[in-house]
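Work through the exercises below with the sequence and the 3D view at hand. Each task is followed by a solution in steps.

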Amino acid sequence: KMARGMRGRGMSRGIGGRPPYKVKMFLPRHPFDLALCEMSFPRVKPAPDETVFTQALLKRNADLSPTPAEQTAILNLVTKIQTVLDNLVVAPGNFDACQLDEVRQVGSFKKGTMVAGHNVADIVVILKTLPTREAVEALGNKVKEDLKNLMKNEIVAKGEQLTHTTNERGIEISNAFACVRVMVTTLHHNIRKLDPEIHLDQKIMLSHLAAIRHSRWFEENAHHSSIKVLIRLLRDVRNRFEGFEPLTPWMLDLLAHFAIMHNPSRQALPINVAFRRIFQLLSAGLFLPGSAGITDPCEGVSLRIHTAMTLEQQDICCLTAQTLLRVLAHGGYKHILGLEGNSSIAKEMSVWDGVVVSPLDKAYENPPEKKEGEEEDEDMEAEGDESMETQET
Amino acid sequence: MATNNYFGFTHGGTQYSATATGAAYHAVAAPATAAAAATYGTQRPAGYDTAYQAAASQGTYATVGTGATPAYEYGYGQTAAAGYTGGYDQTAAAAAAKPATYATTYTQRTGQQQAQAATAAAKPAQYTGTYQANATGYQATYAQPAVQTTIAAQPTTQAKQANSTTTYSGYDAALYSAATMYVAQQSGGAGQQKTGGWQSYKKGGLGAKNMRAKAPPKPQQLHYCDVCKISCAGPQTYREHLEGQKHKKREAATKMAASVAVTSQNRAGNSLRCQLCDVTCTGNDAYAAHIRGAKHQKVVLLHTKLGKPIPPQEPEVIGGARKSVSSSPKINFVQSGGLGIPTGNGDTVKEEEEETPEPDIQPVGQEYIEEIKSDDGKVISFNCKLCECHFNDPNAKEMHMKGRRHRLQYKKKVNPDLVVDVKPSLRQRKIQEEKLRQAALREEFWARRHYNMPEDEEGIYWEDRRRYEEEYMEMARRGNMGPYLRGRPFPGGAPPYFQGGLPRRTESSDDRHAMARHSEIYPKEEELQAIQRIVSHTERALKNVSDQLAESKPKEGQTPPAGQGSGKPDPNAANKTDTEKSVDQQKEDGRDNQLFSFQQDRDGNRILKGVMRVGHLAKGLLLRGDTNVELVVLCADKPTLTLLKKVVELLPAALKQVAPEYIYTVTINAAEAGLTVTGDGLTVLVQFTSPIMREQEATNGGLDRDVLSRGKCLQALAALRHTKWFQARALGLHSCVVIIRILRDLCQRVPTWSPLNSWAMELLAEKVISSVPGQVQLSPGDALRRVMEAVASGLLLPGGPGLGDPCEKDSPDAAAALSPQQREDLTCSAQYALRLIAYRQIYKVLGMDPLPAPQKVFRRDRSARKRRRSGGEPEVSESDTGKMVKTEGGEAPAETPVK
């Protein structure tokens with residue numbers, strides 16, 4: 001016992017002896033992922049026929065894709081607003097409440113992962129000036145005014161009247177068919193000058209900047225159609241199952257990309273395999289404490305995306321996926337896709353072909369009152385992590 | 001430009017736009033003297049008037065003045081002498097215009113000024129000397145005032161007049177020194193700051209202008225103190241005033257200001273000064289406000305009443321040498337700026353231009369000014385949200401919006417790109433200087449270092465660099481490091497499997513729990529010894545029996561030696577050569593677990609060829625409380641019931657022979673195709689099999705009644721293979737055996753897991769643990785978690801890949817026997833277990849009490865960094881949590897989710 005204590009001390013001193021680099025002893029591990037170790041698990045029985053399942057997935061995707069009419073409505077609005085904002089960048093004229101640096105489309109509309117019925121497009125405006133509430137207000141008014149000018153020759157049909165609102169993220173302009181969110185942020189070096197009293201929230205500003213990076217990353221890495229289809233399906237699943245609520249659109253993007261592309265061959269996996277793999281990964285605890293999860297490719301430091309969820313959310317997300325995985329294995333894909341039944345399968349016992357599938361309990365316990373000096377284990381670090389997720393959809 | 005200039009002139013220099021005048025002036029200066037003269041000529045009347053009036057008033061003043069009015073007089077003298085330049089043209093013209101002299105004087109004065117700069121002390125003489133040249137004209141106009149002023153004891157005036165008029169008497173030393181100082185300053189100012197001069201030039205114009213403003217002399221009932229800008233009722237009060245504290249103070253301040261002026265030159269010159277009141281305002285608006293103000297009005301009134309010169313409303317722009325001017329008390333004091341004219345050349349002008357103060361500042365941040373309205377909707381006051389201040393006056397609001405403070409706030413809070421002049425405070429400047437000084441020191445230091453010890457330097461460089469990187473990382477960690485984004489092409493791409501070579505991670509809480517549980521389930525030493533003993537005895541007894549059988553049937557054995565060799569699984573060459581006893585001993589003691597061959601070199605034909613340990617015993621998977629172990633005896637031919645009976649018959653005696661002190665019972669177990677040896681509460685199952693049993697099935701389907709159950713024999717053969725496989729694959733795998741033991745325990749404890757047969761479980765664990773990408777060794781805690789992850793991810797669910805059995809042909813699913821419901825339940829249980837592990841409740845999975853946190857000493861050492869090791873369960877919770885755990889953890893905790 002003594003010897004062990006000594007060794008421990010010696011080791012820690014050894015580590016402490018390299019001061020400039022804090023050796024982070026916590027090395028999160030990647031969870032078991034069947035797709036990466038198929039060598040060890042050769043299929044010993046023929047894979048079940050999944051054509052019906054695949055068709056169901058594709059059908060669901062078709063249902064979820066926005067109709068051409070919806071696309072047009074939103075595109076019209078986006079184009080107009082983009083025009084107005086571009087003008088403000090190029091020729092601000094006497095508009096001096098803020099200076100626009102850049103206008104970019106982000107989010108699901110831009111990425112092509114929009115889900116029907118959720119006709120929201122996002123535009124991020126980067127200000128050179130600091131985003132005071134007044135500036136945003138003024139920008140909102142300016143945009144409103146300019147839009148009015150732009151559309152003065154149009155015959156505005158009923159339902160196409162625009163409503164403008166301002167919120168803590170920026171401006172929202174919507175008509176009966178579409179909504180465009182103009183999300184305001186500021187240049188990166190201005191971020192730390194933000195004062196919560198005067199300016200928009202710093203975290204929101206950062207998330208808007210992140211949104212730009214995300215859409216850029218997406219363009220470069222996730223253009224594969226399967227990924228987009230999978231994202232759309234996942235968004236729908238997320239909306240229907242409560243436990244997946246904390247998954248942000250960005251997490252879904254990365255998860256879908258991971259599930260499709262992250263395999264030894266680096267070739268896109270078929271949609272049915274990838275869809276199941278999502279549940280397998282989540283069930284294996286990809287997004288649990290202690291897991292390496294998915295590193296955010298848009299942050300300079302390695303940031304595991306799931307740490308944006310609270311520990312409890314991680315638990316619930318995982319258990320929901322675990323239950324659904326079993327339902328899926330017993331042939332319940334129609335319920336998962338929302339083609340049949342409802343979302344109660346995630347929470348209630350169900351019977352599939354004679355097999356009883358039971359829901360799971362939470363493993364997370366509210367931590368007991370921390371004693372003074374009690375440190376947070378790295379397992380519990382998640383709560384403190386800065387959430388970098390965005391609200392763009 | 002020229003027009004501007006002249007326009008300005010006619011208006012008494014009201015509108016000197018700096019640039020224009022400067023340029024114009026120089027254009028005119030040297031070559032076009034005549035033209036200049038002409039222009040001056042036209043202006044002369046005005047200039048003349050002023051000059052005259054100035055003189056007159058001076059005169060008046062002088063008469064009134066008691067000997068002790070130094071300042072005013074002094075100033076006047078200055079005007080006439082040093083400051084003359086500015087007003088010179090006019091005066092000259094007024095005085096009777098001697099264009100010729102003008103030019104000469106001009107140059108002379110230039111030289112003279114410079115000389116002046118050289119020596120302050122020598123100056124008066126020189127000055128007058130040069131001055132003589134135009135003295136005539138000058139004297140003509142100024143004779144009277146000059147004479148009159150003699151009353152006052154003014155140094156400069158005196159100096160001048162000492163030459164021109166000689167009427168001069170004692171001035172006190174103090175005043176003289178003050179004057180010299182002043183002169184010195186001025187010349188200094190002129191010498192070192194030609195740029196400033198230009199403004200002074202304008203000033204000169206103003207000075208002239210001032211003179212004009214003078215009203216015709218009035219009866220001088222008012223006694224005016226110029227320093228304090230007040231009038232006194234009578235000579236008496238005036239004198240008293242002059243004696244008074246207040247006046248003295250002010251006078252001192254004035255002088256001080258004069259001396260300080262040089263330092264204040266450094267200020268960016270955009271403040272404005274009201275010459276009348278000697279008030280410095282920080283901007284146009286402030287100046288305007290001052291002009292509108294009551295105080296200023298009062299002084300103007302007084303001055304008007306007095307007929308004193310009222311300086312134009314033009315603000316005096318302060319900057320550079322100007323400063324010294326501004327702090328001098330004189331109203332119509334013509335500046336050293338005059339010096340700028342003569343010295344002026346192209347460059348100066350440029351510089352002057354740049355100094356031009358105060359481009360019109362646009363008010364900013366209108367949006368942030370809140371209008372506060374009274375009940376009837378009238379705007380009563382304003383609130384600036386940026387600066388958190390209020391104003392009642394719209395003008396004040398305007399001024400505020402242009403003001404420095406507001407702009408700074410605007411810069412800080414709204415537009416970081418807004419340009420706001422830096423006005424370093426004294427402190428800031430000091431800091432700045434200090435920084436520079438240190439930078440210089442550092443540079444020097446590095447320079448020296450570089451020369452002296454380049455290697456060392458390098459070391460330091462890297463050290464520095466590392467520190468920098470660390471800081472950078474730290475910054476990056478806090479997020480918002482826009483420019484440093486490193487887009488990764490793949491999320492989690494090059495996934496963070498930490499490839500080998502990394503230091504092995506220290507023991508985590510999970511590891512500690514896993515190991516603690518492992519040591520709980522691992523058999524005790526005495527148990528192991530007991531098992532070892534009975535097995536060893538059985539093996540040796542079997543060898544004896546084999547020997548006996550071999551001796552009794554020598555014939556049979558001689559024929560098929562070759563066939564035996566092939567059929568034998570793995571005769572150990574090393575063991576064969578050894579003598580029986582030693583081989584036996586060595587094997588039993590070690591973890592050899594290989595075939596214990598009964599054969600010796602000479603006899604190739606035995607019926608019982610060898611015995612081998614199989615199952616948990618051979619794999620080292622025995623758990624505490626295990627009482628059953630297995631051996632397999634390989635036979636040369638199909639094992640028959642007859643053979644079995646024979647062995648059962650012979651074995652007790654052999655056992656007695658091998659271990660006389662122990663009592664063993666031997667019973668036949670035909671159902672298992674073998675026999676059992678029991679004793680000491682332990683049971684050894686000895687199965688009989690032969691490799692021939694496999695081959696036979698195809699060729700010889702006939703059932704021999706006597707042959708032992710074929711299925712059992714095949715099982716026994718499989719057990720042999722499994723043992724071989726296990727020894728080859730799992731034993732070498734880090735953490736694997738530990739985890740399999742733990743899983744075995746789990747399968748025994750938790751009903752949900754019991755359907756998973758031991759072999760499938762072993763396969764599962766081995767595959768899962770060995771399939772870690774990068775061949776990383778997992779710690780026990782991680783290995784257990786990974787197994788749970790695998791099952792949780794649906795590995796065993798219907799539709800999963802299955803567990804290929806490497807020991808069978810066509811690798812069938814080792815877990816094929818599991819029903820869908822069992823698979824479902826297993827998966828469900830593993831899913832819950834996985835989350836329990838993730839949430840630091842591994843002890844529930846292991847069926848144990850939570851361990852207390854690691855010892856304090858241990859922890860303090862590592863408290864500096866983030867610990868992987870937690871001991872997450874604090875001692876506090878031991879009382880209550882522990883209890884709960886006991887109940888819950890006692891009875892199959894992992895089973896909770898199942899139903």
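**Exercise 1. Decide how enclosed strand β11 of chain B is, then find its partners.**

Solution. The model is a predicted one.
Step 1: count the buried residues. In β11(B), 6 of the 8 residues are buried, so the strand is largely enclosed by the rest of the structure.
Step 2: look at the pairing with β10(B). The two strands β10(B) and β11(B) are antiparallel and share 6 bridges. One position to check is B:Val614, which stands opposite B:Glu630 in β11(B).
Step 3: look at the pairing with β14(B). Here β11(B) and β14(B) run parallel, joined by 7 bridges. B:Val632 has B:Gln687 of β14(B) as its bridge partner.

**Exercise 2. Place the strands of this sheet in order and name its edges.**

Solution.
Step 1: write down the order. The open sheet of chain B has 6 strands, arranged β9-β10-β11-β14-β13-β12.
Step 2: state the sense of the pairing. For the sheet as a whole it is mixed. The antiparallel pair β10(B) and β11(B) and the parallel pair β11(B) and β14(B) are examples from Exercise 1.
Step 3: identify the edges. They are β9 (596-597) and β12 (665-669) of chain B, each of which pairs on one side only.
Step 4: follow the edge strand β12(B) inward. It runs antiparallel to β13 (residues 674-679) of chain B, with 5 bridges between them. Within this pair, B:Ile668 is matched with B:Leu675 of β13(B).

**Exercise 3. Find what helix α23 of chain B lies across.**

Solution.
Step 1: locate the helix, which covers residues 525-552 of chain B.
Step 2: list the strands. The helix lies across β9, β10 (608-614), β11 (628-635), β13 and β14 (682-689) of chain B.
Step 3: give the direction. Helix α23 of chain B runs at about 165° to β10(B).

**Exercise 4. Describe the surroundings of B:Gln687.**

Solution.
Step 1: place the residue. B:Gln687 belongs to strand β14 of chain B.
Step 2: is B:Gln687 buried or exposed? Its relative accessibility is 5%, and the limit for buried is under 20%, so B:Gln687 counts as buried.
Step 3: find a polar partner. The side chain of B:Gln687 reaches the backbone oxygen of B:Glu672 at 3.0 Å.
Step 4: collect the contacts. Beyond four places in sequence, B:Gln687 touches residues including B:Leu631, B:Val632, B:Val633, B:Glu672, B:Lys712 and B:Ala716.

**Exercise 5. Check the length of helix α31 of chain B and list buried residues in it.**

Solution.
Step 1: work out the expected span. At 1.5 Å a residue, the 20 residues of α31 (residues 710-729) of chain B should span 28 Å.
Step 2: compare. The end C-alpha atoms of α31(B) are 28 Å apart, which agrees.
Step 3: name buried residues. Among them are B:Cys713, B:Ala716, B:Leu717, B:Leu720, B:Trp725 and B:Phe726. Of these, B:Ala716 was met in Exercise 4 as a contact of B:Gln687.

**Exercise 6. Compare two loop residues of chain B by phi and accessibility.**

Solution.
Step 1: recall the background. Most residues other than glycine have a negative phi.
Step 2: take B:Glu388, in the loop between β7 (379-384) and β8 (389-391) of chain B. Its phi is positive, near 55°. With 66% relative accessibility, B:Glu388 counts as exposed.
Step 3: take B:Arg840, in the loop between α35 (820-838) and α36 (842-846) of chain B. Its phi is also positive, near 60°. B:Arg840 counts as buried, at 9% relative accessibility.

**Exercise 7. Find which residues of chain B are in contact with A:Thr129.**

Solution.
Step 1: place the residue. A:Thr129 sits in the loop between β2 (120-127) and α5 (133-150) of chain A.
Step 2: read its accessibility. The relative accessible area of A:Thr129 is 1%, and A:Thr129 is buried.
Step 3: find a polar partner. A polar side-chain atom of A:Thr129 lies 3.1 Å from the backbone nitrogen of A:Gln99.
Step 4: pick out the contacts in chain B. They are B:Val414, B:Asn415 and B:Pro416.

Key: Residues numbered from 1 in each chain as written. Chains lettered and ligands numbered in written order. Predicted model: local features only at pLDDT ≥ 70, side-chain atom pairs only at ≥ 80, totals over all residues. Heavy atoms only, no water. Pairing = 2+ DSSP bridges. Helix = DSSP H or I, 4+ residues; strand = E, 2+ residues; numbered from the N terminus. Contact = heavy atoms within 4.5 Å. Axes fitted to C-alpha atoms, helices over the stretch in contact; angles between N-to-C directions. Buried < 20%, exposed > 50% of the residue type's maximum accessible area, 1.4 Å probe, protein only. Polar contact = N/O pair within 3.5 Å; in protein donor to acceptor, adjacent residues only side chain to side chain. Expected span 1.5 Å × (residues − 1).
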